[in-house]
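Thanks for coming. I'll walk through a few local features of one structure, and you can follow along on the screen.

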Amino acid sequence: METRLTDAELLLLGLVDEMPRHGYELEQLIEKRGMREWTQIGFSSIYFVLGKLEKAGFVSAGVPAGAKARKVFSITPAGREILLQQTVSALGAYRPSSSSLLLGMVHWQSLTLDAALGALEARLSSISQEIDRLESVRRQRQPMPDHVEVLFDFLAGQLAAERHWITTTLDYMRSKPC
Amino acid sequence: MLGDGLIDLTKDRTLLRTLYAPPAGGFSIVEVPKLPFAVLDGDGPPVQAAIEPAVKALFTAIYPIRREARQRAGKSFVEAPLEILYWAQDMRDLAAGNREAWNWRVQITLPIWADADHLARSVSDMQAELQGAGPIRYDVTAEGRCVQTLHVGPPAGIPETLARLYDDFLPRMGLEPEGRYHEVYLDDWSRVASDRCKIILRQPLRSAQ
């Protein structure tokens, strides 16, 4: 059966592929690179996931040098193979994500026009805040490699598209004859 | 005048490769032209705890310029690498690896349209993110005739290469070091294992006196 890694497994495997790392270092890196914002991975689950990857033969743990030394995890050839495979599929396969917007718009007519417009205006304001937050994260996290910069371009582009859609829709709904 | 007398490395790809993508193994002599830089002078010995924040501050300071460069250049945008110059009052301290006596400077090449005013605007735009950072300034330097090589692997292997350069290659060629020893870091050490890290080692030269 084909192995499918969870998002947390794929994330840790990729970080260990950059260079051998220990659990605490991975924890710090996930924090520093802001990966906690988009992955469900807690500090305790890092060790749990590393243990799973080790059991599956995708990472190997070096024997600590002293009693207090930390276990260093390295990727194995099998781990590297699955990392490449699943990264290709993560990039290549479109995974639809549903937005609360779908349900909200479907039930538009259950609201009064004022309540519906008010809710969409609130969404516009949170989108604008998110655009500002993303820009501030981007400024604070310099330097970022090019492939991460373009990822921020992608996120900013999505938010800008949503903002444009909301303003157009607000205009349209406001002017629609009742 | 904007970019006065400066060569646009993004247009001269041969020179760009010569300066920033030399082959590994062996020393080559290159002529390094006048180039514009954003620079930040180091404070105290070059220890990791001092270099890391300086590097971050420099990249942060040029972020608006880098962003504009990406927009202007589109597909032909080239990411400029981090460079560090090292020097000592007594050059023997440099050769002997007495790092406490070393001075250092972090620098990144700028696009030729980014002049001193442009950099000052960029720094002022990023002021909130640059709290506590040392002064970042614009500098144009021409290293002239240099010897360089590409080092691949952990920095611990660099002294051996430098010993071959200073004790064997340069005397044989009738050359002497003149000016600041220079390293160009082609990889981000927080993302690439040190045994795969590429570093250009460069030394400006003069003919032996």
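I'll start just past helix H6(B), where Gly174(B) takes a positive phi of about 70°. Most residues other than glycine have a negative phi. Keep in mind that this is a predicted model.

Now the helix itself. H6 of chain B covers residues 158–173, and for its 16 residues, at 1.5 Å a residue, the span should be 22 Å. The end C-alpha atoms are 21 Å apart, which agrees. H6(B) also has a kink of about 35°, with Leu165(B) at its centre.

Over to chain A, and a loop. Pro143(A) sits between helix H6 (113–140) and helix H7 (146–175) of chain A. The peptide bond leading into Pro143(A) from Gln142(A) is cis, with omega near -5°. Most peptide bonds are trans.

Next, a pair of helices in chain A. H1, residues 7–18, and H4, residues 77–92, have axes that come within 10 Å and cross at roughly 120°. H1(A) and H4(A) are therefore oblique to each other, and the crossing is left-handed. Which residues make the contact? From H1(A) they are Leu10(A), Leu13(A), Gly14(A) and Asp17(A); from H4(A) they are Gly79(A), Arg80(A), Leu83(A), Gln86(A) and Ala90(A). By class, that contact has four nonpolar, three polar and two charged residues.

Last, the contact between the chains. Chain A puts in eight residues and chain B eleven. On the chain A side, three are nonpolar, two polar and three charged.

That's what I have.

Definitions and conventions: Residues are numbered from 1 along each chain as its sequence is written. Chains are lettered from A and ligands numbered from 1 in the order in which they are written. This is a predicted model: local features need pLDDT of at least 70, side-chain atom pairs count only at pLDDT 80 or more; totals for chains, interfaces and linings use all residues. Axes are lines fitted to C-alpha atoms, for helices over the stretch in contact, and angles run from 0 to 180 degrees between N-to-C directions. Helices (H or I, at least four residues) and strands (E, at least two) are DSSP runs, numbered from the N terminus. Angles under 35 degrees count as roughly parallel, over 145 as roughly antiparallel, 65 to 115 as roughly perpendicular and the rest as oblique. A crossing is left-handed if the near helix is turned anticlockwise from the far one by less than a right angle, and right-handed if clockwise. Two residues are in contact if their C-beta atoms, placed from the backbone, lie within 7 Å. Ala, Val, Leu, Ile, Met, Phe, Trp, Tyr, Cys and Pro count as nonpolar, Asp, Glu, Lys and Arg as charged, and the others, Gly among them, as polar. The expected span of a helix is 1.5 Å times one less than its number of residues. The bend at a residue is the angle between axes fitted to the seven residues ending there and the seven starting there.
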